[in-house]
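Student: Could we go through this model together and test each label against its definition?
Tutor: Gladly; have a look at it here.

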Amino acid sequence: MFTGIVEELGTVAAITDQGDAIRLTIEAATVLEGTGLGDSISVNGCCLTVAELGDGTWTADLMQETLDRTSLRGVAPGDRVNLERAVTVEKRLGGHIVQGHVDGVGEIVSRSPSEHWDVVEVSLPAHLARYLVDKGSITVDGVSLTVVEALESSFTVSLIPETLARTTLGARRVGDLVNLEADVIAKHVEKLLGAYAHAGDARTLRTDEEE
């Protein structure tokens, strides 16, 4: 589990094509502190497992499912990526509960820069729209953000100077793809309410049959 608070910007050092998978090697510093083999690190919002550790680098294996469902399929050596280690019980939950399980890929639709922040609009896959509300939470490339406006097929966020400077979102341009993860609490609420409604329908049906 993660919080959506990026710890550092890493750099893609190498990509090894394995046909139906790739090995991704990333240069980093902060996220390597206290990290061992098998630990989890979020890369642009995608939870990856540390398979190798080098001198200032770490390597993860990405299977075809990950490549098909995330924007990591398009990374290249030299690209910067958002990195965050898995949260510990001692860490403040500065963002929101993030699983590192990408729900879909969005596209930067527009950017409106101002003196102190940028307003960015991101397209939204249709199946995720029901999970977004104004002032709710959304994870974009591993960054915990507050939704300014939830639209029918997109949403807007405001990026403060800290976010612009310390994450890849400061350099994202119109047309760039980003990983999206909806608030897991909204997913659980939807499932529970659906089960409750189904149970209510069943009770009503039994009552009607008894009468």
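**Labels and their reasons**

Tutor: Seven strands make up an open sheet, ordered β4-β3-β7-β1-β2-β6-β5, with antiparallel pairing. Its edge strands are β4 (46-49) and β5 (52-53), each of which pairs on one side only. This is a predicted model, in which local features need pLDDT of at least 70 and side-chain atom pairs count only at pLDDT 80 or more, while totals for chains, interfaces and linings use all residues. Residues are numbered from 1 along each chain as its sequence is written, and side-chain values use heavy atoms, with hydrogens and water left out.

Student: What makes β1 and β7 a pair of strands?
Tutor: Strands are DSSP runs of E with at least two residues, while helices are runs of H or I with at least four, all numbered from the N terminus. Two strands pair if DSSP finds at least two bridges between them. Strand β1 (residues 8-17) and strand β7 (residues 80-85) are joined by four bridges and run antiparallel, so the definition is met. Leu-9 has Asn-82 as its bridge partner in β7.

Student: Glu-7 is in the segment before β1. How do you know that its side chain makes a polar contact with Arg-85?
Tutor: A polar contact is a pair of N or O atoms within 3.5 Å; within protein, one must be able to donate a hydrogen and the other to accept it, and residues adjacent in sequence count only if both atoms are side-chain atoms. The Glu-7 side chain reaches the backbone nitrogen of Arg-85 at 2.6 Å, so the distance falls within the cut-off. Contact in the general sense asks for heavy atoms within 4.5 Å. Beyond its neighbours within four places in sequence, Glu-7 has contacts that include Thr-30, Val-31, Lys-91 and Arg-166.

Student: Why is Leu-180 called buried?
Tutor: Buried means under 20% relative accessible area, exposed means over 50%, and partly exposed lies in between (1.4 Å probe, protein chains only). Leu-180 has a value of 0%, so it is buried. Its strand is β13 (residues 177-182).

Student: Why is β13 described as largely enclosed?
Tutor: Because five of its six residues are buried, the rest of the structure largely encloses β13. Strand β8 (residues 104-113) pairs with β13 in the antiparallel sense over four bridges, and there Val-105 stands opposite Asn-179. Strand β10 (residues 137-140) also runs antiparallel to β13, joined by three bridges; here Ile-138 stands opposite Ala-182.

Student: What makes the phi of Asn-44 worth a look?
Tutor: Most residues other than glycine have a negative phi. Asn-44 is not a glycine, yet its phi is positive, near 50°. Asn-44 sits in the loop between β3 (40-43) and β4, and its 2% relative accessibility makes it buried. Asp-141 also has a positive phi, of about 50°, without being a glycine. Asp-141 lies in the loop between β10 and β11 (143-150) and is buried at 0%.

Student: Why is Ile-185 called partly exposed?
Tutor: Ile-185, in helix α3 (residues 184-210), has a relative accessible area of 47%, so it is partly exposed.
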